[in-house]
Amino acid sequence: MRLHELSEGYRLAAVPLRKKLRLLRLELKLADEPAERAALRHEIALLSGIMTQCRERAELTAHYYERGFYRDEKYTL
């Protein structure tokens, strides 16, 4: 498997995460209980981080071998 093929996998993995985040944000707007709102905020924070990583890694693997491509310091040794 090549890095650009991995990139597509990361992009595809972000699609259901994006849908779930939309649903959770809608639920948060409709939630009345403080405990429920706190649980929803926690889940949104976790999934947002995962989705951010998917996007960053998709970008990194798509352009890894391009000359002059800036690699985020998080993903370099």
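Hi everyone, this is a short walk through a few residues and two charged patches in the structure above.

Before we start, please keep in mind that this is a predicted model, where local features need pLDDT of at least 70 and side-chain atom pairs count only at pLDDT 80 or more, while totals for chains, interfaces and linings use all residues. Residues are numbered from 1 along each chain as its sequence is written, and side-chain values use heavy atoms, with hydrogens and water left out.

Let's begin with the helices. Helix 1 covers 3-30 and helix 2 covers 34-63, and glutamate 33 sits in the loop between them. When I say helix, I mean a DSSP run of H or I with at least four residues, numbered from the N terminus.

Now, which residues does serine 7 touch? Serine 7 belongs to helix 1, and its contacts are Ala58, Thr61 and Ala62, if we skip residues up to four places away in sequence. Contact here means heavy atoms within 4.5 Å. Serine 7 counts as buried because its relative accessibility is 3%. For these words, buried is under 20% relative accessible area, exposed is over 50%, and partly exposed is in between, using a 1.4 Å probe and protein chains only. The areas themselves come from the Shrake-Rupley method with that 1.4 Å probe, and for residues only the protein chains shown count as cover.

Over in helix 2 we find cysteine 54. With a relative accessible area of 11%, cysteine 54 is buried too. Leaving out neighbours within four places in sequence, cysteine 54 is in contact with Tyr10, Ala13, Ala14 and Leu17. From cysteine 54 to arginine 37 is 17 residues along the chain, and their C-alpha atoms are 26 Å apart.

Next, the charges on the surface. Which residues form the positive patch? They are Arg18, Lys19, Arg22 and Arg55, and helix 1 gives the most, with three residues. Two of these are worth a look. Arginine 22, in helix 1, is exposed because its relative accessible area is 54%. Lysine 19, also found in helix 1, is exposed at 52%. The C-alpha atoms of lysine 19 and alanine 38 are separated by 20 Å, with their positions 19 residues apart along the chain.

There is a negative patch as well, formed by Glu27, Asp32, Glu33, Glu36 and Glu43.

What counts as a patch? Its residues have over 30% relative accessible area and no salt bridge, with like charges joined within 9 Å and nonpolar side chains (Val, Leu, Ile, Met, Phe, Trp, Tyr) within 5 Å. A salt bridge is a side-chain nitrogen of Lys or Arg within 4 Å of a carboxyl oxygen of Asp or Glu.

Last stop: the segment after helix 2, where we meet aspartate 72 and glutamate 73. Aspartate 72 is partly exposed, at 29%, whereas glutamate 73 is exposed, at 63%. Measuring C-alpha to C-alpha in the model, aspartate 72 is 22 Å from leucine 17, and the two are 55 residues apart in sequence. Glutamate 73 and histidine 4 are 69 residues apart along the chain, with their C-alpha atoms 20 Å apart.

Thanks for listening!

Key:
Lys, Arg positive; Asp, Glu negative; His and termini not counted. Charge placed at Lys NZ, Arg CZ, Asp CG, Glu CD. Helix = DSSP H or I, 4+ residues; strand = E, 2+ residues; numbered from the N terminus.
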